[in-house]
Amino acid sequence: MPPYKPSPATYRNVLACLSAFALVGGYYAATRPSGVGFRLPFSLHPLLMTIGFVGFMGSAHMTKKLGGYTNTKLHGYLASA
């Protein structure tokens with residue numbers, strides 16, 4: 001079975017969903033317990049980890065699926081960010 005290559009529309013839609021989830025989910029995790037906001041010293045950690053793992057690694061995976069040398073290099077840059 002040949003590897004799955006997403007269409008440009010699928011690629012854009014998945015990246016939009018990953019980005020939205022990373023930002024909203026990270027913000028939600030960073031502001032727990034409710035009402036504290038970003039006043040705690042460790043509050044940015046959940047936000048940045050969610051953006052890194054979900055946002056960057058998810059988009060790196062989808063970019064690699066597009067194939068080609070440039071997309072493979074971009075995949076490496078996103079995965080190491």
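Helices in this tour are DSSP runs of H or I with at least four residues, numbered from the N terminus. The model under examination is predicted.

**First stop: helix H1 and Ala30.** Select residues 8-30, which make up helix H1, and then Ala30, which belongs to that helix. Ala30 has a relative accessible area of 2%, and it counts as buried because this value is under 20%. Leaving aside residues up to four places away in sequence, display the neighbours that Ala30 touches: Gly37, Phe38, Ser43, Pro46 and Leu47. For a distance across the fold, pick the C-alpha atoms of Ala30 and Met49; they are 10.0 Å apart, with the two positions 19 residues apart along the chain.

**Second stop: the loop.** Move to Pro33, located in the loop that runs between H1 and H2. The peptide bond joining Arg32 and Pro33 is cis, with omega at about -5°. Keep Arg32 selected and add Tyr28: Arg32 lies over the face of Tyr28, 4.0 Å from the ring centre. Are there aromatic pairs elsewhere, and how many does a search of the whole structure find? The search returns 0.

**Third stop: helix H2 and the surface.** Select residues 44-66, helix H2, and locate Leu48 within this helix. Leu48 has 53% relative accessibility and is classed as exposed because the value is over 50%. Now add Tyr27, Phe38 and Leu44 to the selection: together with Leu48 they form a nonpolar surface patch. The combined accessible area of these residues is about 420 Å². Phe38, a member of this patch, is also one of the residues in contact with the buried Ala30.

Note on methods
Residues are numbered from 1 along each chain as its sequence is written. This is a predicted model: local features need pLDDT of at least 70, side-chain atom pairs count only at pLDDT 80 or more; totals for chains, interfaces and linings use all residues. Side-chain values use heavy atoms; hydrogens and water are left out. Rings of Phe, Tyr and Trp (its six-membered ring) pair if their centres lie within 6.5 Å; planes under 30 degrees apart count as stacked, over 60 as edge-to-face and the rest as tilted. A charge sits over a ring if NZ of Lys or CZ of Arg is within 6 Å of the ring centre and within 35 degrees of the ring normal. Helices (H or I, at least four residues) and strands (E, at least two) are DSSP runs, numbered from the N terminus. Buried means under 20% relative accessible area, exposed over 50%, partly exposed in between (1.4 Å probe, protein chains only). Contact means heavy atoms within 4.5 Å. Patches are made of residues with over 30% relative accessible area and no salt bridge: like charges are joined within 9 Å, nonpolar side chains (Val, Leu, Ile, Met, Phe, Trp, Tyr) within 5 Å. Accessible areas come from the Shrake-Rupley method with a 1.4 Å probe; for residues, only the protein chains shown count as cover. A salt bridge is a side-chain nitrogen of Lys or Arg within 4 Å of a carboxyl oxygen of Asp or Glu.
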